Amino acid sequence: MLESTFTHIFQSASDDTDLLNRLFFWFFIAAGIVLLTVTFMVAYIIRKFSATKRATPHTHFHDDRKVEIRLTILTSLVILLFLFFAIQTMWRIDTPPAEGQKPDLIITGHQWWWEVYYPENGVIAANEIHLPAGKRLLVQVESADVIHSWWVPALGRKMDMVPGHTNQVWVQAREPGTYEGMCSEFCGAQHAWMRVQVIAHEPAEFAAWIKVQLKKINPPGDSLLLRGALLFKEKTCSNCHSVKGWSEQANVGPDLTHVGSRKKLLGNKEPNSLETLKNWIANPQQLKPGAHMPNFILSQDEVDAIATWLYSLK
Amino acid sequence: MEKPINIPESTLPLPSLKSSNGLLQWIASTDHKQLGIMYMWTALFFFLIGGIEAMLIRIQLAQPGLELISPEMYNQIFTMHGTTMIFLVLMPMSVGFATYFLPLMIGANEMAFPRLNAMSFWMTLFGGLLLYFSFFAGGAPDAGWFSYAPLSEKNYSFTNGLDYYCVSLIVTGIGSIGAALNFVVTTITMRTTGMTLKKVPLFVWMVFVNSFLMLAAFPLLNAGLVMLLIDRQLDAHFFLAESGGSALLWQHFFWAFGHPEVYILALPAFGIISEVIPVFSRKPIFGYNFIAASSVAIALLAYGVWAHHMFTVGLGNPVNTFFAASSMLIGIPTGVKIINWIGTMWDGALHFKTAMLFALAFIVDFVIGGLTGISFAIVPLDYQLTDTYYVVAHIHYVFLGGSLFGLFAGVYYWFPKMSGRMLSEKLGKWHFWLFIVGFNLTFMVQHFLGIMGMPRRVYTYPDLPGFGTLNFISTIGAFMMGLAVLVFIWNLFKSLRHGDRAGKDPWDAWTLEWLADAPPNLKNFKQLPEVKSRRPLWDLKNPDKADYLSNDES
């Protein structure tokens, strides 16, 4: 079945996307009728009025004001009808939040990753966005550098992340599951790999996830892991990345507190594995040319130690 | 009955590269025909470069995960592809046709300001060369053809590419403004006896209306570019939010120019189509007044629709509602033109020369581009479709299916007049079919890619089901188009040397340019009839069935 093989923007897990799909449906029907009519008329003209069948035109009219005006009115009516539906749907999707309503989630776009902040409990995560399923959530989107665009088609509309300008958008996942999304505004070298996964949980499961996220990282006992943790500070990883409980001042790069628990890495370019982490730390520019993380020219065992420690942060 | 207007015989020989000072004769020329031809060669030159860039893009995207080109290089290439095709191909080609044929069609012997005309051309050419010099100066612009701030600012794009982008587009912009001014004044002041503004050929009318659009649009672009250049070079902060500027300000400036620009590229093509279809249907245009008036409506509305490029930036429902209404409104005058072209062909006697084939393909493919355009005016649909491959498909249906097909039709229609020789119809049909099939193959599937969620401007994409297959089809189509363009160029060069002699009026057409020699002599005409209707040559050839006798032009 098509549903199971192709991903497309009509796959819906939210009321907003349902509304959009209905509008899409009628638009494609109307557009299809217009296109077929024009194509049919052109085909008919080509068959019927070829100069091989008739040397001169049979009529010589310059103008038929009546036909023109009627067709203009018809076009205008169809267009007005769609204008009405467009405005109606728009106001239904972009409902203003209640007076004083705080956002459930603040998502900030960075070149080329996503920062997620849950204001209610202070959790900060990156790239993988966890949500409670069911409710329509108010999400505030911002940008830390250039313009990005938040787009997870199944969960609702697209919204740009503009520096110096906060936007709000409703996001809803009716059922638990994993939803694919991506940055939809060209944002530089690695725009292609600024993808995102949204994981919606049952509310209880979500509360459990939050609890895990609140856990701080303790200095490890194992010697290899400890070496990695120390190198993380020594080799200046901690100037850009935070690991709560260990080093938490920076947010230039993604928060790594529970990086080991994520399914994918590098804006969904690679699956999360020890191997990926090692390759990435050893030479970031090879995996994602143009990324802001430089090559620190670490030795192989330094790479192994850091990667092993990071991978252990579940 | 006829009162021919005699024009003094020219004493100068025709310009030729073979004469002793041939090259100088072209470089120093202020002749509108030579400048028109130079505009077209410029457009063809950049068309080849832009086409090679397009091929590189399609090769890179042929399969998921390919990294034949680095992302940084890919971003430069697609930026240059868009900028080149819009500013250095479609613009100079449209302006070139207008420069060559507008004076001929109104029975003038020159543009109103010949030296301004030369300046406009050289500004365009050198602006283009300046843009390409960026490749040798550290890197080409890499922020997309609309260079959104702050990505286009120094802190995010640190090569000199965007400085070259600003300077070169300012230069070509000045050239375009000069050309527009020239067209307006020429049309107003240099029409021959009897040719009132209501009797000018539709191509002239479209260029005339279009020139007002250009006069108002390019200063907006240039103002924005100057601000961006000041930001980059003098550390101002027009578009940098962190120091009090606004990233959205750039978008407002750019699209207030950029949307009229779409119509600037479309209207001349509408004009060409409105000349080609009647001649090859052997019928006068259906609803001259309607086409003329709807173009004015388009030109006026074009200034009130720019924010439909910005529906997702968060302007709010009231603003979006206004721009949705204006954007849908502009669909009406554009749509009714299709009715006029179909009405012109209806019950005619159609000759399927290559020019006419491109005109027919234009109608169908431009309708596709127009319909997908409507889906961007329907705000909620724009929310999902904008910045996906659906947009890429849409702009190519408008710029190729609309503008370029019109320009191809113009080349096949007017080449005999410009060169004195016919283009090969056989090669022309090869060009046509390869291009049409390739074009629809390339861009039709991109609608589906957009709907499957492929964002635009990505140097590669994940291996999701269907992505690889559709992109591969798209790449095959692009190669067919590339082949078609090679056939076209072969046709041009072959026909220039060995084409059949065309004579003055190979298509039995009706407008004044067909009265001139092929190629026209320096002063264009030896004699001109008094213009009494919209088809002066028809009247001349059929005095008993002349249009002005039936007097049904109102």
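These questions and answers cover a helix pair, the nonpolar cores and one buried residue in a predicted model.

Residues are numbered from 1 along each chain as its sequence is written, and chains are lettered from A in the order in which they are written. Local features need pLDDT of at least 70, side-chain atom pairs count only at pLDDT 80 or more, and side-chain values use heavy atoms.

Q: How are α9(B) and α10(B) oriented to each other, roughly parallel or roughly antiparallel?
A: Helix α9 (residues 317-345) and helix α10 (residues 354-377) of chain B have axes 10 Å apart. Their angle is about 160°, and angles over 145 degrees count as roughly antiparallel. The pair is therefore roughly antiparallel.

Q: How many charged residues has the contact of α9(B) with α10(B)?
A: Contact means heavy atoms within 4.5 Å. Among the residues that meet are B:Trp341 in α9(B) and B:Phe366 in α10(B). By class, the contact has 13 nonpolar and three polar residues; Asp, Glu, Lys and Arg would count as charged. The number of charged residues is none: no charged residues.

Q: Which helix gives the largest share of the largest nonpolar core?
A: A nonpolar core joins buried nonpolar residues through side-chain atoms within 4.5 Å. The largest has 256 residues, with A:Trp150 and B:Phe97 having the most contacts inside it. Its largest share, 20 residues, comes from helix α3 (residues 71-105) of chain B.

Q: Is A:Met161 buried or exposed?
A: A:Met161 lies in strand β7 (residues 159-161) of chain A. It touches residues including A:Trp114, A:Val141 and A:Trp150. Its relative accessible area is 0%, and buried means under 20%, exposed over 50%. A:Met161 is therefore buried.

Notes: Axes fitted to C-alpha atoms, helices over the stretch in contact; angles between N-to-C directions. Helix = DSSP H or I, 4+ residues; strand = E, 2+ residues; numbered from the N terminus. Parallel < 35°, antiparallel > 145°, perpendicular 65-115°, else oblique. Buried < 20%, exposed > 50% of the residue type's maximum accessible area, 1.4 Å probe, protein only. Lists of a residue's contacts leave out its neighbours within four places in sequence.
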